[in-house]
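Okay, thanks for coming, everyone. I'd like to walk you through some charged pairs, an interface and a few cysteines, so let's get the picture up.

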Amino acid sequence: MTEQVIQLEKVNKWYDDFHVLKDIDLFVEKGQRIVICGPSGSGKSTMIRCINRLEAHQKGKIVVHGTELTNDLKNIDLIRKNVGMVFQQFNLFPHLSVLDNISLAPIWVKKMPKKESEEIAMSYLEKVKIPEQAEKFPGQLSGGQQQRVAIARSLAMNPDIMLFDEPTSALDPEMIKEVLDVMIQLAEEGMTMLVVTHEMGFAKTVADQMIFMDEGRIVEQAKPDEFFNNPKSDRTKLFLSQILNH
Amino acid sequence: MSASISLTHNKYYSWCRNNLFSSWINGIITILSIYFIYEVSSFFLNWTIFEADFVNNFRGEKITDRTFCSKNIEPGQHGACWAIIIVRFHQFVYGFYPVEEAWRVNLVYGLLPFALIGIFFDNLPFRKYFIYFTFLFPFIGYFLLYGGAGLDVVGTSKWGGLLVTLFLGVTGILLAFPLSIILALGRRSKMPVIKTICIIFIEFIRGVPLITLLFTANVMLPLFLPEGVRPDNLLRALVAVTLFQSAYMAEAIRGGLQAIPKGQLEAAQSLGLTYWQSTRKIILPQALKISIPPIVNTCIGLFKDTSLVLIIGLFDLLGVGRAAVSDIDWAKLHYEVYVFISLVFFIFCFGMSRYSLYLEKKLKTDNS
């Protein structure tokens with residue numbers, strides 16, 4: 001039995017009267033790659049944002065690495081240090097150079113010396129294949145380059161788990177591949193990943209679990225083979241037929 | 001022939017042709033405007049410089065009171081009589097500061113740029129030491145101006161002129177800056193008590209004219225202090241000016257804070273940065289950059305508004321000027337005095353405006 005790194009039990013969340021997450025149960029093992037898809041407004045982003053407490057859940061239990069997420073700030077800090085996140089809009093810091101974007105968190109959160117953290121930043125920039133952009137500002141890079149910097153920025157904190165919230169949705173088509181390549185490489189290295197995406201090709205290549213969400217519930221959870229070839233619920237079938245028929 | 005071709009290809013020629021004489025109407029407006037500018041500026045330059053008196057009048061006599069001014073000897077034929085400024089220069093710059101101690105004020109004026117360049121320019125060599133000096137400067141400056149420990153004490157009632165204007169303007173702005181950041185952050189805080197306090201403070205101060213605040217500080221502040229403690233007039237005015245400025249600056253900064261996308265804070269938090277780290281390293285640098293124009297706007301406004309301290313009996317630059325024109329020896333030289341004062345205010349305000357443009361340009365990090 002492999003180690004469970006994320007446990008969600010009966011998680012519920014409301015925005016005022018709107019019930020966004022309904023009794024979510026999800027268990028993630030170390031090294032697992034889970035791809036989450038579903039129509040917009042289905043709660044998939046909200047769910048992964050609850051895992052590092054960018055959103056607070058109101059009912060149920062979320063445990064990451066054995067630490068339960070409550071209002072206790074110490075726990076939240078502890079979990080955020082081990083969980084990296086990549087956003088749809090990159091959210092790079094526009095006033096800092098690429099290198100400073102990446103070395104900022106190691107310096108301030110891990111209290112690493114500046115020189116050491118810049119070396120780490122460079123090594124991750126090499127990993128995402130844009131070391132030559134280190135001195136530039138985010139505004140001078142293409143979308144695909146920015147997203148790769150954002151991935152490097154998260155990796156520099158050396159997290160065990162990476163959350164991806166529609167990482168390619170804001171990119172031009174020709175830039176999607178360069179970002180997916182980095183993510184595939186990460187998957188091959190054994191990173192635990194939760195990815196919200198509609199890139200079904202990517203899902204087939206890396207996922208070992210597929211999750212389909214609709215109206216705040218997990219409607220279907222299956223291995224990719226089964227999920228794509230033999231979906232059980234009608235809602236999943238409809239969604240897949242719409243998304244795969246372009 | 002070849003000359004006319006080279007003329008038409010001259011870029012100044014084509015610029016003038018396209019922008020100033022593109023049509024008949026445009027051409028007429030251009031000519032009329034040039035004539036108007038010529039008339040106004042020649043009148044002004046003649047009055048201020050070419051036909052003006054400085055030290056001596058047109059007969060070569062030294063001007064010691066208004067009866068020696070050329071324009072009072074031959075009415076309608078001469079320009080300004082700047083002697084009033086020159087003779088009373090000490091008052092304009094130092095107020096009633098003792099003449100033999102004026103070097104202390106000069107020293108402070110001389111050190112002020114060194115205290116400011118550390119903040120203003122970040123690519124300065126040895127910037128660290130300039131910043132240390134910036135923090136020491138208020139103490140050095142106060143010691144030099146006020147005295148004590150070997151220097152004669154010069155009470156603030158003797159300070160005046162440009163000294164008071166700069167003291168209130170510069171100190172008010174510098175003290176208000178950190179206060180306004182705290183107020184702006186507090187107003188956006190999720191903690192209800194802090195939020196309410198900040199909102200009440202900002203709205204109260206903004207809803208009251210500066211004159212009222214000055215009166216309040218002057219009359220009411222002593223009521224809140226223990227018996228016998230009488231803070232001096234200038235410090236009371238400084239408190240009022242600082243509070244006033246911080247409320248306005250806080251709103252300018254809040255505007256900047258609101259313009260920062262939510263994703264910036266989320267990204268910082270997801271990396272494990274605490275609230276204060278995110279605020280200091282991510283949110284504030286961006287918010288302040290956006291707020292530069294409105295912040296400088298309030299600074300310029302405050303710098304000019306310092307002249308209101310006249311009504312609580314402090315003699316700033318304008319106060320000294322008004323005293324000068326009401327002096328019997330120099331009466332009826334209003335124009336000279338007010339033009340001079342306007343020029344001094346303009347130099348400082350224009351300087352602030354240019355500096356803000358420089359900052360905006362320097363902090364630009366994208367290609368747009």
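Let's start with a charged pair in chain B: B:Arg206 and B:Glu251 make a salt bridge, with 3.7 Å between the closest N and O atoms. Keep in mind throughout that this is a predicted model. The two partners come from distant parts of the chain, 45 residues apart: B:Arg206 is in helix α10, residues 192-206, and B:Glu251 is in helix α13, residues 233-258. Are these two buried or exposed, or something in between? B:Arg206 has a relative accessibility of 32%, so that one counts as partly exposed. B:Glu251 comes out at 14%, so that one counts as buried.

Now, some salt bridges share partners, and one network built that way joins A:Lys13, A:Arg49, A:Glu55, B:Lys262 and B:Glu266. Over all chains, the search of the whole structure gives 23 salt bridges.

Here's another one from chain B. B:Asp327 and B:Arg88 meet through their side chains, 2.5 Å from N to O. This pair also links distant parts of the chain, with the two positions 239 residues apart: B:Asp327 is in the loop between α16 and α17, and B:Arg88 is in the loop between α5 and α6. B:Asp327 is partly exposed, because its relative accessible area is 23% and buried means under 20%. B:Arg88 is at 13%, so it falls on the buried side.

And a third: B:Glu101 bridges to B:Arg104, the closest N and O atoms being 2.8 Å apart. In that pair both residues are buried. The general idea is one you all know: side chains of opposite charge can pair when their charged atoms come close.

While we're around α16 of chain B, take a look at what that helix tucks away. Its buried residues are B:Leu317, B:Gly319, B:Val320, B:Gly321, B:Ala324 and B:Val325. And what covers them? The cover includes α5, α6, α9 and α17 of chain B.

On to the interface. People often give the size of an interface as the accessible area lost when the parts come together. Here, the area buried between chain A and chain B is about 2000 Å², and carbon and sulfur atoms give 61% of that. Chain A puts 25 residues into the contact and chain B puts in 21 residues.

How many salt bridges cross between chain A and chain B? One, by the rule used here. The partners are A:Arg49 and B:Glu266, with the closest N and O atoms 2.6 Å apart. You've already met both of those residues in the network that also joins A:Lys13, A:Glu55 and B:Lys262. As for polar contacts between chain A and chain B, the count is six residue pairs, both residues at pLDDT 80 or more.

Which elements of chain A give two or more residues to the side that touches chain B? They are α2 (73-82), β6 (83-86), α3 (98-108) and α5 (143-155) of chain A. The largest share of that side comes from α3(A), with three residues. If you sort the chain A side by class, you get 14 nonpolar, six polar and five charged residues.

Last stop, cysteines. A disulfide is a covalent bond between the sulfur atoms of two cysteines. There's one disulfide over all chains. The cysteines in it are B:Cys69 and B:Cys81, and their sulfur atoms are 2.2 Å apart. The torsion about that S-S bond is about -70°, so the disulfide is left-handed. It joins distant parts of the chain, twelve residues apart: B:Cys69 sits in the loop between α3 and α4 of chain B, and B:Cys81 in the loop between α4 and α5. Both cysteines are buried.

Why is A:Cys50 not bonded to A:Cys37? A:Cys37 holds the closest cysteine sulfur to the one in A:Cys50, but that is 19 Å away, too far for a bond. A:Cys50 is also buried, with a relative accessible area of 0%. B:Cys16, on the other hand, is partly exposed at 29%.

One little extra before questions. B:Leu107 lies in helix α7 of chain B, residues 102-120, and at 38% relative accessibility this leucine counts as partly exposed. B:Leu107 and B:Leu145 are 38 residues apart in sequence, and 9.3 Å apart in space, C-alpha to C-alpha.

That's me done, so over to you.

Technical notes. Residues numbered from 1 in each chain as written. Chains lettered and ligands numbered in written order. Predicted model: local features only at pLDDT ≥ 70, side-chain atom pairs only at ≥ 80, totals over all residues. Heavy atoms only, no water. Contact = heavy atoms within 4.5 Å. Buried area = accessible area lost by both parts, 1.4 Å probe. Salt bridge = Lys/Arg side-chain N within 4 Å of Asp/Glu carboxyl O. Polar contact = N/O pair within 3.5 Å; in protein donor to acceptor, adjacent residues only side chain to side chain. Helix = DSSP H or I, 4+ residues; strand = E, 2+ residues; numbered from the N terminus. Nonpolar A, V, L, I, M, F, W, Y, C, P; charged D, E, K, R; others polar. Buried < 20%, exposed > 50% of the residue type's maximum accessible area, 1.4 Å probe, protein only. Disulfide = S-S within 2.5 Å.
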